[in-house]
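Biologist: I have a chain to go through with you. Please take my questions in turn and give the reasoning before the result.

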Amino acid sequence: VNELRGLLRNINVERDPKRKRDVIKKVIAYMTLGIDVSRLFNEMVMAIETKDLVVKKMVYLYLCNYAQEHPDMALMCINTMHRDCNNEDPMVRGLALRSLCSLRLPSIVEYISEPLRHSLTDNNAYVRKTGVMGILKLYHLKPEMVKESNLVDLIYNMVQDPDGNVVSNCLVVLNEIMLEEGGMAINQAIIHHLLGRINDFNEWGLCQVLDLVGRYTPADDQEVFNIMNMLDPVLRTSNSGVVLANIKVFIQLTRHMAHLHAQLYERLKAPILTLLASGTPELVYCLLKHTELLIHRCPGIFDEDYKQFYTKFSEPLHVKYLKIDLMATLANVNNMSDILEELSVYVSDVDAELARRAIQAIGKVGFKLPGGFELGVFEKLIEFLDLEVSYVRAEALLVLKNLLRKYPERRQGVVEVLPRLLRVVEESEAKAAALWMIGEYGEEIIEAPYMVEPVIDA
């Protein structure tokens, strides 16, 4: 730190812009590493007087970081920041305003108000959106000052700003300032104005607009259809957050229109499947949970697309678990054989929990199918009983016990293998399942009493 102080005070460094920039870069590098360089505050304040935008950015970053530790010294740079707020370069104006509002010092609140008001009418969009966010920073410093002034009304007026990013910032600021009132006040005019400019917003701004639309209550069914027609192109966006926010709006708008649900969910299916095929594991899991809800609300909607839910080798286990559960939900008479074959492959997986879930899913398929189609499920589960894997045999026994309660007429194939299974099964729950079946169908097993004796003695 002492070496850096010497360099910052060196007259030769002061005259060489490149050397000065390198020294300040070192100061910022140490600061980001967590090293305390607050002792250089005086020298950094002196370095603020420069036309080099890169140096100015770094000095402002330093001042914002250490201003709370040196509030008296921070006041020395207020005049420079005020001058920069009137600079010809909009980048400098925006940077100065952002830094001024980021000092987080209650003592400078009176110096912030005027530059903020001036920035809201600036001819550059970057400065205007920085000014809007500056009002939020001022609100966190002194809430009553913002609420008692006309700043909130000014932000409401700026919702009509020609730049989409400025409007997005206005929505965020209004929602946070008016959080206790439930967010910014909305009406038909505001919602239709925002929807009419939907193409002006970036993905972040779209999420803000969609959040507002989700809170809006349309006047009639025709307005619902108009809003959905305006938002329909947004479903083709590649950003998952925007698509899911849009889906939420559609479901919210039609919550009292049950006759439209099947048609609506059919429309929502395509964007979800597209994102599922190309997303990261974290995104895929989130999409699968949304899919699970849609399947619950409209059974059969994804049945034809069951292959989209086959697991991939590279997927994490929590995604595989959810896909397996969903496959059981999607099973019907037409796709039953394919789903059973796919689930049977997972039974041989090295992960014991995955294998157990696959067997449980096969059992769910058996429960779901109409009577007469369960034979394939029983055949698969009886095959698993022959595998030399203890947890597979145990889980298959548990599932078979539950299935036999619904289909007792399918007991023949199970009863035949019970005598040898009771001797090799290790898990207590599986043994209990085998004993239940022996007790239930003991009259069909000649050696039933002799099978139970060792268990009683144990």
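Biologist: Which residues touch the most other members of the largest nonpolar core?

Modeller: This is a predicted model, so the answers are computed from its atoms. The largest nonpolar core holds 161 residues. Its members that touch the most other members are Tyr62, Leu63, Ile177 and Leu231.

Biologist: Which helix gives the largest share of this core?

Modeller: The core draws nine residues from one helix, and that is its largest share. The helix covers residues 240–253. It is helix 17.

Biologist: Which residues is Leu63 in contact with, leaving aside its neighbours within four places in sequence?

Modeller: Leu63 is among the residues that touch the most other core members. Its contacts beyond those sequence neighbours are Phe41, Val45, Ile48, Cys77, Met81 and Leu103.

Biologist: How many helices and strands are in the chain?

Modeller: Both kinds of element were counted along the chain. The result is 27 helices and zero strands.

Biologist: Is the chain a compact globule or more spread out?

Modeller: For 458 residues the globule rule gives 23 Å. The radius of gyration of the chain is 33 Å, well over that value, so the chain is more spread out than a compact globule. Along its principal axes, the C-alpha trace spans about 100 × 65 × 35 Å. The answer is more spread out.

Biologist: What percentage of the 458 residues is buried?

Modeller: A residue counts as buried when its relative accessible area is under 20%. Buried residues make up this share of the 458 in the chain: 49%.

Biologist: Why is helix 13 said to be largely enclosed by the rest of the structure?

Modeller: Helix 13 runs over residues 164–177 and has 14 residues. Among its buried residues are Gly164, Val166, Leu171 and Ile177. Helix 13 is largely enclosed because the number of its 14 residues that are buried is 12.

Biologist: Which helices do the buried residues of helix 13 pack against?

Modeller: The partners include helix 10, at residues 125–141, and helix 15, at residues 203–215. In full, the buried residues of helix 13 pack against helix 10, helix 11, helix 12, helix 14 and helix 15.

Biologist: At the start of helix 13, which backbone nitrogen does a side-chain oxygen of Asp163 reach?

Modeller: The oxygen belongs to the side chain of Asp163. It comes to within 3.0 Å of a backbone nitrogen, and that nitrogen belongs to Asn165.

Biologist: Is Ser168 buried or exposed?

Modeller: Ser168 sits in helix 13. Setting aside neighbours within four places in sequence, Ser168 is in contact with Phe201, Trp204, Gly205 and Gln208. Its relative accessibility is 0%, so Ser168 is buried.

Biologist: Which residues does Val132 touch, not counting residues up to four places away in sequence?

Modeller: Val132 is in helix 10, and it is buried with a relative accessible area of 0%. Helix 10 is one of the helices that the buried residues of helix 13 pack against. Val132 touches Leu120, Met158, Val166, Asn169, Cys170 and Val173.

Biologist: Which residues is Arg98 in contact with, leaving aside neighbours within four places in sequence?

Modeller: Arg98 lies in helix 8, at residues 90–101. Arg98 is partly exposed, with a relative accessible area of 40%. Its contacts beyond those neighbours are Tyr126, Thr130 and Lys137.

Biologist: What is the phi of Arg104?

Modeller: Arg104 is in the loop between helix 8 and helix 9, and at 42% relative accessibility it counts as partly exposed. Arg104 is not a glycine, although its phi is positive. The value is about 55°.

Biologist: How far apart are the C-alpha atoms of Ile28 and Asp153?

Modeller: Ile28 is in helix 3 and is buried, with a relative accessible area of 10%. Leaving aside neighbours within four places in sequence, Ile28 is in contact with Met58, Leu61 and Tyr62. Asp153 is 125 residues from Ile28 along the chain, and their C-alpha atoms are separated by 39 Å.

Biologist: Which helices do the buried residues of helix 22 pack against?

Modeller: Helix 22 covers residues 352–368, and its buried residues include Leu354, Arg356 and Ile359. The buried residues of helix 22 pack against helix 20, helix 21, helix 23 and helix 24.

Key. Residues numbered from 1 in each chain as written. Predicted model: local features only at pLDDT ≥ 70, side-chain atom pairs only at ≥ 80, totals over all residues. Heavy atoms only, no water. Core = buried A, V, L, I, M, F, W, Y, C linked by side-chain atoms within 4.5 Å. Buried < 20%, exposed > 50% of the residue type's maximum accessible area, 1.4 Å probe, protein only. Helix = DSSP H or I, 4+ residues; strand = E, 2+ residues; numbered from the N terminus. Contact = heavy atoms within 4.5 Å. Expected span 1.5 Å × (residues − 1). Polar contact = N/O pair within 3.5 Å; in protein donor to acceptor, adjacent residues only side chain to side chain. Rg over C-alpha atoms; globule rule 2.2 N^0.38 Å.
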